[in-house]
Amino acid sequence: MRGKLILILACAIACVALGAAAAFETRASRLQAIKTVGIISAIGEEISLTRAGLTGLDNAAQSASISAWGLDELIVQQATKLLSGRFRVQPVSYRRAAFAAIRDSAVAPVNLLRSDPFKELVRSDVTPQGLDAYIVITRARSKLGNGRNVEGVGLAEYRTLLADYGLIHALYEVRIIEGKSFDVIEKRAAAPLDNTGTVRIAGPSGPIEATFEGSGSSERLRAAIADLITRSLPFTLGDMHLIEGQ
């Protein structure tokens with residue numbers, strides 16, 4: 001009986017391994033067939049301020065417009081430069097606000113059950129149609145401290161009895177959407193650049209510095225956020241095998 005159970009378990013493990021290998025092979029072959037791509041970015045129109053930990057009653061999230069920073073234009077420019085070595089990148093038109101308006105449900109199982117909302121948006125709102133694939137870059141979400149959600153571009157403060165901690169973050173995820181079937185070939189959130197901070201976020205982030213205060217702080221903050229994006233984007237696209245040699 002024990003030998004039979006071991007055999008069943010071994011077969012199940014083998015099936016899982018074969019399934020994963022088949023999925024990787026299918027993804028690799030679909031990526032190999034891609035020649036032309038369009039890049040869509042919708043993460044950078046606003047910055048949030050989130051407080052967590054011992055914040056008292058003043059813990060409501062706040063936000064402000066940063067459309068003048070041109071972060072999405074920067075992302076498209078950087079992604080085009082990185083991807084042009086392998087693909088023919090074609091400019092596309094889209095309603096950025098429509099892509100930015102899509103949010104994951106607060107109820108996690110809902111996100112697993114519903115169809116990826118960006119598929120239909122690429123089909124209906126992007127021109128030209130007919131490219132081999134579309135690279136869609138949008139906000140990602142992470143947890144901070146005691147469970148508060150943070151997403152996209154923002155500043156986060158976490159207070160304890162002994163100290164205050166601050167982070168800037170630029171959380172985003174990348175989808176590869178096939179241009180004919182509109183299937184999501186792959187989806188990946190940008191990983192942290194390092195994990196050395198006291199308070200950690202699952203995505204590109206860094207400590208808030210005193211230089212972000214006073215005259216010129218907006219430009220210094222913009223430069224710091226842009227640095228998070230430009231340093232993390234090659235790693236993210238490389239992890240997705242979109243950059244040759246990665």
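This passage describes how the strands and helices of a predicted model are arranged and packed together.

In this predicted model, local features need pLDDT of at least 70 and side-chain atom pairs count only at pLDDT 80 or more, while totals for chains, interfaces and linings use all residues. Residues are numbered from 1 along each chain as its sequence is written, and side-chain values use heavy atoms, leaving out hydrogens and water.

The chain contains 6 helices and 12 strands; these are DSSP runs numbered from the N terminus, with helices (H or I) of at least four residues and strands (E) of at least two. Of its 246 residues, 39% count as buried, where buried means under 20% relative accessible area with a 1.4 Å probe, protein chains only.

A good place to begin is the sheet. Here 5 strands form an open, mixed sheet in the order β4-β1-β5-β10-β11, two strands being paired if DSSP finds at least two bridges between them. Because β4 (88–89) and β11 (184–189) stand at the edges with a single partner strand each, one side of each is left without a neighbour in the sheet. Strands β5 (residues 133–139) and β10 (residues 172–178) run antiparallel and are joined by 7 bridges; in one of these pairings, isoleucine 137 has valine 174 in β10 as its bridge partner.

Two helices accompany the sheet. Helix α2 (residues 71–83) lies across β1 (36–42), β4 and β5, at about 155 degrees to β1. Helix α6 (residues 217–239) touches β10 and β11, and its direction makes about 40 degrees with that of β10. Contact means heavy atoms within 4.5 Å, and axes are lines fitted to C-alpha atoms (for helices, over the stretch in contact), with angles from 0 to 180 degrees between N-to-C directions.

The two helices also meet each other: α2 and α6 pack at about 35 degrees, with their axes 10 Å apart. Residues in this contact include Leu71 and Ile75 of α2 and Ile225 and Leu233 of α6.

The largest nonpolar core has 38 residues, and those touching the most other members are Ile34, Leu71, Ile135, Ile137, Ile176, Ile225 and Leu242. Such a core is a set of buried Ala, Val, Leu, Ile, Met, Phe, Trp, Tyr and Cys residues joined through side-chain atoms within 4.5 Å. Helix α6 gives the most to this core, with 8 residues. Leucine 71 touches Ile225, Ala226 and Ile229, among others. A second, separate core of 16 residues includes Ile40, Phe99, Val122 and Tyr134.

How values were computed. Buried < 20%, exposed > 50% of the residue type's maximum accessible area, 1.4 Å probe, protein only. Lists of a residue's contacts leave out its neighbours within four places in sequence.
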